[in-house]
Amino acid sequence: NWEHFWLNEGFTVFLERKILGELAGPEEGEAVRQAAHLNGLISLKYAIEVFGEDNPLTALNVNLDGVDPDDAFSSVPYEKGSTFLFYLETLVGGHPCLTILTQLYSRACIQKHHIRSVRQLFQITFPKCLK
């Protein structure tokens, strides 16, 4: 549903940036990925300033009861979702994070479930990192 829009879009942006890094090669790949992520953070900061820091539409997982999803459209779910996944990757490492993302896609959990599915998979796989 629209409240979990970030699951699809945040994962997509995160993986696009990982692919950009791989295409750039081993010497420049991480720098390219970091630059793309930094540009995304600038976009996220601007969107939050426009909406207002306390606006519920800037949350990662928004409540859209009584809100037209078109009114909530911005870079926030794309960039906040990607940033959240980037953060999780820093906790567990690049390869383990990619393994989890592969599991999520193979289970089609992003389309069929909610954030609880993502959280549960990370908590089961990395209990020490996520409490």
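Me: What makes Trp6, Phe11 and Phe84 a cluster?

Reply: Ring pairs link the three of them. Rings of Phe, Tyr and Trp (for Trp, its six-membered ring) pair if their centres lie within 6.5 Å; planes under 30 degrees apart count as stacked, over 60 as edge-to-face, and the rest as tilted. The structure holds three such aromatic pairs. One caution early on: this is a predicted model, where local features need pLDDT of at least 70 and side-chain atom pairs count only at pLDDT 80 or more, while totals for chains, interfaces and linings use all residues. Also, residues are numbered from 1 along each chain as its sequence is written, and side-chain values use heavy atoms, with hydrogens and water left out.

Me: Okay, why is the pair of Trp6 and Phe11 called tilted?

Reply: The ring centres of Trp6 and Phe11 are 6.2 Å apart, which is within the limit, and the planes sit at 35°, which fits neither stacked nor edge-to-face, so the pair is tilted.

Me: And what makes the pair of Trp6 and Phe84 edge-to-face?

Reply: Here the centres are 5.7 Å apart and the planes make an angle of 85°, which is over 60, so edge-to-face is the right label. This pair links distant parts of the chain: Trp6 is in helix H1 (residues 5-24) and Phe84 in helix H4, 78 residues apart. Helices here are DSSP runs of H or I with at least four residues, strands are runs of E with at least two, and both are numbered from the N terminus.

Me: How do you know whether Trp6 is buried or exposed?

Reply: Buried means under 20% relative accessible area, exposed means over 50%, and partly exposed is in between (1.4 Å probe, protein chains only). Trp6 has 1%, so Trp6 is buried. Phe84 has 28%, so Phe84 lands in the partly exposed class.

Me: What about Val13, why is that one called buried?

Reply: Its relative accessible area is 9%, so Val13 falls under the 20% cut-off. Val13 sits in helix H1. Leaving aside neighbours within four places in sequence, Val13 is in contact (heavy atoms within 4.5 Å) with Tyr78, Glu79 and Ser82.

Me: Why does Glu89 count as buried?

Reply: The relative accessible area of Glu89 is 7%, so the buried label applies. Glu89 lies in helix H4 (residues 76-92).

Me: What makes the link between Glu89 and Arg33 a polar contact?

Reply: A polar contact is a pair of N or O atoms within 3.5 Å; within protein, one must be able to donate a hydrogen and the other to accept it, and residues adjacent in sequence count only if both atoms are side-chain atoms. The side chains of Glu89 and Arg33 are joined at 2.5 Å, so the pair passes the distance test.

Me: What makes Leu38, Leu41 and Ile42 a nonpolar patch?

Reply: Patch residues have over 30% relative accessible area and no salt bridge; like charges are joined within 9 Å, and nonpolar side chains (Val, Leu, Ile, Met, Phe, Trp, Tyr) within 5 Å. A salt bridge is a side-chain nitrogen of Lys or Arg within 4 Å of a carboxyl oxygen of Asp or Glu. Leu41, in helix H2 (residues 29-51), has 32%, so Leu41 clears the 30% bar while counting as partly exposed. Together the three have about 270 Å² of accessible area, by the Shrake-Rupley method with a 1.4 Å probe, where for residues only the protein chains shown count as cover.

Me: How many helices and strands does the chain have?

Reply: Seven helices and zero strands.
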